[in-house]
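I am opening a notebook page on this structure and will write down what I look up, entry by entry. Each entry starts from a residue or a contact and follows it outward.

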Amino acid sequence: MIGLLRRFPLPVIVLAQLFGTSLWFSINGVWLSLSAELGLAESDLGRLTLSVQAGFIAGTLALAVTGLADRFGASRIFLVSSLLGALANAGFVAVAGVFPLDSLLRFATGLCLAGIYPLGMKLVIAWTPKYAGAALAWLVGMLTLGTALPHLMRGATSGMPWEWPLFASSCLALLGGLLVFLLGDGPHLPKASGRLPLRQGLSALRLPRFRAVAGGYFGHMWELYAFWTLVPLLIGRELHRLGQGEALIPWLSFAVIGMGATGCIGGGRISRTLGSEWVARRALMVSGALCLLYPWMNGLPPALLMALLLVWGVAVVADSPQFSALAAATAPKETVGSSLAVMNAVGFGLTLPAIWLTSGLWNAWGVWVALLLLPGPVFGLWSLSRGKPQA
């Protein structure tokens with residue numbers, strides 16, 4: 001069994017990542033049934049979603065500052081995080097609608113996801129270092145599909161008892177943790193020594209090239225989650241112009257966000273010949289151009305604007321795995337896990353004000369809030385231009 005898993009490490013890690021990150025938006029996926037039964041409002045969904053984000057940020061910062069991601073084997077951290085995350089996710093069933101316990105359990109779920117997503121990236125580097133950009137593309141592609149899946153579920157499972165999908169995602173997370181544990185840590189990174197200083201997880205920030213790549217990632221993250229938040233609103237506007245109801249919003253939102261997986265995987269294939277930075281720059285250019293131009297095109301036919309949203313959905317996340325690959329190649333090998341964790345922590349921290357600004361100003365600005373996303377790609381391109389690739 002173990003020998004079979006180690007013959008195909010990338011599919012195992014990608015599948016385990018998909019199973020583990022199913023915890024992330026599990027509440028969003030059953031929201032129609034959950035809110036109808038407990039009388040919760042959309043503001044409660046925002047509170048619970050931000051609780052997960054905050055937990056993830058706190059967890060990645062803890063991994064980075066303490067160096068835990070490099071003190072212990074990645075497969076063991078992944079297993080423990082999957083187990084605890086599954087328990088926190090399942091425990092939400094008992095406290096749903098009971099503030100602040102429900103928020104605390106979603107925060108705990110986010111903490112555990114910090115031991116799944118960044119450690120999954122480290123495992124990819126450890127098993128398939130030669131084509132890290134292409135390999136990480138599959139990993140982020142699965143995360144993108146996991147983000148899109150709740151929209152599909154909101155359209156297709158409004159009558160389903162909300163408890164069962166939560167239990168199912170917990171079982172999937174457990175299975176993912178076991179798969180990674182059986183696979184092991186990989187042969188291409190130093191073994192965990194347990195002797196890292198407390199602050200060594202931040203050591204990569206002293207490298208100019210790493211700071212340039214991290215800056216590109218930060219700009220990308222400012223745009224990414226805010227765009228994903230705006231997708232249902234932008235689609236709803238075009239459906240209203242067509243005289244359609246809201247029933248198609250979740251289906252089309254799934255299509256726009258889910259298309260990002262093709263951008264990740266396609267960008268990964270291109271990176272094998274043209275390089276990760278080439279892909280990251282072009283993706284930032286395309287998404288940045290759409291941030292700037294989309295509001296000015298608001299009078300075009302709705303079908304055309306929704307087609308542009310599909311293009312945007314591809315470009316907005318195609319650079320994400322490439323930034324991770326560039327960061328992993330630049331960071332010291334003995335602190336790859338911690339370096340990726342701190343980059344994730346700051347990047348996800350930037351999603352909070354971006355989401356707050358764009359969603360808060362939607363009613364007043366409409367499609368013009370897309371201009372607030374533009375500083376992300378602009379900053380990302382500027383940061384990349386300041387760091388020269390290593391020889």
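**Entry 1: an aromatic pair within one helix**

Is Trp228 buried or exposed? I looked this up first, bearing in mind that the model is a predicted one. Trp228 has a relative accessible area of 6%, which is under the 20% cut-off, and therefore I enter it as buried. I then turned to Tyr225, which also counts as buried, at 6% relative accessibility. Both residues belong to helix H12, which covers residues 208–241, and they are three residues apart, about one turn of the helix.

**Entry 2: the aromatic pairs and the cluster**

How many aromatic pairs does the count come to? I noted 13 aromatic pairs for the model. One of them is Trp24 with Phe348, a stacked pair with 5.5 Å from centre to centre and 25° between the planes. This pair links distant parts of the chain, since Trp24 is in the loop between helix H2 (9–20) and helix H3 (26–29), while Phe348 is in helix H18 (residues 336–365), 324 residues away. I checked the burial of the two partners as well, and both Trp24 and Phe348 are buried. Tyr225 and Trp228 from my first entry also form an aromatic pair, this one edge-to-face, with 5.0 Å between centres and 70° between planes. The angle of 70° is over the 60 degrees that edge-to-face requires. I then found that these two pairs belong together: Trp24, Phe56, Tyr117, Tyr225, Trp228 and Phe348 make up one aromatic cluster.

**Entry 3: helix H12 against helix H19**

Staying with H12, I looked at its packing with helix H19 (residues 375–386), where the two axes come within 7 Å and cross at roughly 170°. An angle over 145 degrees counts as roughly antiparallel, and H12 and H19 are therefore roughly antiparallel to each other. On the H12 side I listed Arg211, Ala212, Val213, Gly215, Gly216, Gly219, His220, Trp222 and Glu223, which meet Gly376, Pro377, Phe379, Gly380, Ser383, Leu384 and Arg386 of H19. Sorted by type, the residues of this contact divide into six nonpolar, seven polar and three charged.

**Entry 4: helix H14 against helix H15**

At what angle do H14 and H15 pack? Helix H14 (residues 260–274) and helix H15 (residues 276–293) pack at about 130°, with 7 Å between their axes. That angle makes H14 oblique to H15. I recorded Gly267, Ile270, Ser271 and Leu274 of H14 as making the contact with Ser276, Trp278 and Val279 of H15. Here the residues of the contact comprise four nonpolar, three polar and no charged.

**Entry 5: Ser26, Arg106 and a cis peptide bond**

I next looked up Ser26, which has its place in helix H3 and is buried, with a relative accessible area of 8%. Leaving out residues up to four places away in sequence, Ser26 touches Asn89, Arg106, Leu166 and Ser169. Its C-alpha atom is 9.8 Å from that of Trp162, which lies 136 residues away along the chain. Following Arg106, I found its charged end over the ring of Phe92, 6.0 Å from the ring centre. I also noted that the peptide bond from Phe99 to Pro100 is cis, with omega near 5°, and that Pro100 is in the loop between helix H7 (74–95) and helix H8 (101–113).

**Entry 6: Leu111 and Thr330**

Leu111 is found in helix H8 and is partly exposed, with a relative accessible area of 37%. Beyond its neighbours within four places in sequence, Leu111 is in contact with Gly55, Phe56, Ala58 and Gly59, and I note again that Phe56 is a member of the aromatic cluster. Leu111 and Val52 are 59 residues apart in sequence, with 7.7 Å between their C-alpha atoms. For Thr330, in helix H17 (residues 320–330), I recorded a relative accessible area of 9%, which makes it buried. The C-alpha atoms of Thr330 and Ala204 are separated by 8.0 Å, with their positions 126 residues apart along the chain.

**Entry 7: the whole chain**

What does the secondary structure of the protein chain come to? I entered 19 helices and zero strands. Of the 391 residues, 54% count as buried. Among contacts between residues at least 6 apart in sequence, 86% join residues at least 24 apart.

Terms used. Residues are numbered from 1 along each chain as its sequence is written. This is a predicted model: local features need pLDDT of at least 70, side-chain atom pairs count only at pLDDT 80 or more; totals for chains, interfaces and linings use all residues. Side-chain values use heavy atoms; hydrogens and water are left out. Rings of Phe, Tyr and Trp (its six-membered ring) pair if their centres lie within 6.5 Å; planes under 30 degrees apart count as stacked, over 60 as edge-to-face and the rest as tilted. Helices (H or I, at least four residues) and strands (E, at least two) are DSSP runs, numbered from the N terminus. Buried means under 20% relative accessible area, exposed over 50%, partly exposed in between (1.4 Å probe, protein chains only). A charge sits over a ring if NZ of Lys or CZ of Arg is within 6 Å of the ring centre and within 35 degrees of the ring normal. Axes are lines fitted to C-alpha atoms, for helices over the stretch in contact, and angles run from 0 to 180 degrees between N-to-C directions. Angles under 35 degrees count as roughly parallel, over 145 as roughly antiparallel, 65 to 115 as roughly perpendicular and the rest as oblique. Contact means heavy atoms within 4.5 Å. Ala, Val, Leu, Ile, Met, Phe, Trp, Tyr, Cys and Pro count as nonpolar, Asp, Glu, Lys and Arg as charged, and the others, Gly among them, as polar.
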